[in-house]
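The following paragraphs offer a guided reading of a single protein chain. The reader is invited to begin with the overall fold and then to turn to particular sites.

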Amino acid sequence: MHTLTHCLLIRFSCVRMKMQFLILISFFVIGAMAGKYSKEMNEQKASDKSNNQVEFRIAKLNQIWEKAIRMQLAPVRLSELHSDLKIQEKDELQWKKLKAEGLDEDGEREAKLRRNFNIILAKYGMDGKKDTRTLDSNRLKDHDVKEGDTFDDPRLDKLWNKAKTSGKFSDEELQTLQREFKHHIDRVNEYNIVMDTVSRTEEIHKNVISPLEGEVKEHVLHQKHADLKQRMRDLNQGFERLRKITHEGYSADSEFKEPRVIELWEMAKRSNLSEDELDSLKEELRHFETKVEKHQHYQEQLELSHQKLRHVEALGDKEHIMRNKEKYNTLAEKAREMGYKMKKHLQDLTNKISQNGLQHNEL
């Protein structure tokens with residue numbers, strides 16, 4: 001009897017040990033599965049978060065950014081657009097605060113923000129129209145495009161050819177002059193875009209029924225015409241300056257090299273700033289020029305990185321692709337950050353000189 005009881009106890013102990021072992025194994029399996037599931041879920045959430053990351057706080061700006069990515073804009077153009085949208089976001093959020101405080105009752109700042117937004121759309125080919133500005137005969141550029149033109153403007157081409165053959169410019173000075181010519185072309189394009197928006201506003205104005213609404217739109221229209229006149233004056237003065245440089249060469253005491261900085265300095269000299277204020281501004285412009293040059297360096301590096309990434313992708317080496325993609329993304333982020341800071345500084349300097357708020361909100 002004792003022997004039987006002893007045998008049963010041993011068997012029971014064995015069964016209990018097996019059950020404990022199975023339970024322990026089950027815990028390990030379930031734990032591993034749970035850990036794997038949890039990891040996958042977290043990765044999925046992180047992936048979803050990165051995929052749905054909101055770049056801007058204003059919905060319409062996000063839509064433009066997403067459209068630009070779908071359009072596969074060139075890296076430098078995409079970086080420039082990002083900076084422009086950041087400036088637009090800053091100005092719109094600032095305006096919303098002013099509006100909440102009961103300011104901008106005449107809607108002038110709102111109209112200028114709308115105009116700047118339209119300029120961004122047109123500048124990057126996202127205004128839903130074919131870019132016919134260069135072919136439209138009622139625009140500033142009213143000539144037939146000839147094969148071999150350097151700047152697509154016969155006046156600038158004539159000046160450029162004269163500068164190249166004059167012997168008055170070093171290679172470095174010719175590069176500076178070429179950047180100034182291209183900057184002038186950008187200004188002409190911006191003028192044409194603004195003129196388009198004025199024309200559309202005039203068409204809308206014709207269809208106004210309410211007298212009160214008509215008065216508001218008449219005011220906005222007047223502001224736009226004033227802006228156009230100022231831009232035309234700036235263009236004429238800019239061209240005359242280029243013509244003078246082409247004939248005489250750069251003077252030994254030329255203050256700046258970057259076109260945007262030169263434009264600001266020329267604007268400052270025409271303003272009512274005192275000598276002390278001009279000296280202070282000159283120093284600030286030197287710092288700004290360094291910032292512009294640094295931004296250009298990052299843009300060049302971004303373009304080179306993009307070319308290298310495309311080459312590596314064609315070879316199909318996953319490790320090299322990942323490494324180059326990380327470098328490219330880092331450069332793209334840095335170029336956008338530098339672009340925003342540079343354009344914000346440009347906007348502040350322009351407003352400081354003009355003392356007209358958003359009148360010269362540069363892109």
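**From the fold to a pocket**

In this chain, residues 24 or more positions apart account for 73% of the contacts with a separation of 6 or more. The model under discussion is a predicted one. Its chain holds 10 helices and 0 strands, and the pattern read along the sequence is accordingly α-α-α-α-α-α-α-α-α-α.

The chain consists of 363 residues, of which 37% count as buried. About 23100 Å² is exposed by the chain, and 54% of this area is supplied by carbon and sulfur atoms.

One residue may serve as an illustration of burial. Asp-91 is part of helix 3. Its relative accessibility is 2%, and Asp-91 therefore counts as buried, since the term applies to values under 20%. The side chain of Asp-91 also forms a polar contact of 2.8 Å with the side chain of Lys-90.

Attention may now pass to empty space. The second largest pocket encloses about 440 Å³. It is lined by 20 residues, and those closest to its centre are Ile-69, Leu-78, Tyr-328, Asn-329 and Arg-336. Two or more lining residues come from each of helix 2 (59-71), helix 3 (75-100), helix 9 (275-315) and helix 10 (318-354). Helix 10 makes the greatest contribution to this lining, with 6 residues. In terms of residue class, the lining of the second largest pocket comprises 11 nonpolar, 4 polar and 5 charged residues.

Conventions. Residues numbered from 1 in each chain as written. Predicted model: local features only at pLDDT ≥ 70, side-chain atom pairs only at ≥ 80, totals over all residues. Heavy atoms only, no water. 1 Å grid on protein atoms, 1.4 Å probe; cavity = no way out; pocket = protein on both sides within 12 Å on 5 of 7 lines; lining within 4 Å. Points joined across faces, edges and corners; volume = space filled by probe spheres on them. Helix = DSSP H or I, 4+ residues; strand = E, 2+ residues; numbered from the N terminus. Nonpolar A, V, L, I, M, F, W, Y, C, P; charged D, E, K, R; others polar. Buried < 20%, exposed > 50% of the residue type's maximum accessible area, 1.4 Å probe, protein only. Polar contact = N/O pair within 3.5 Å; in protein donor to acceptor, adjacent residues only side chain to side chain. Contact = heavy atoms within 4.5 Å. Areas by Shrake-Rupley, 256 points an atom, 1.4 Å probe, with all protein chains shown as cover.
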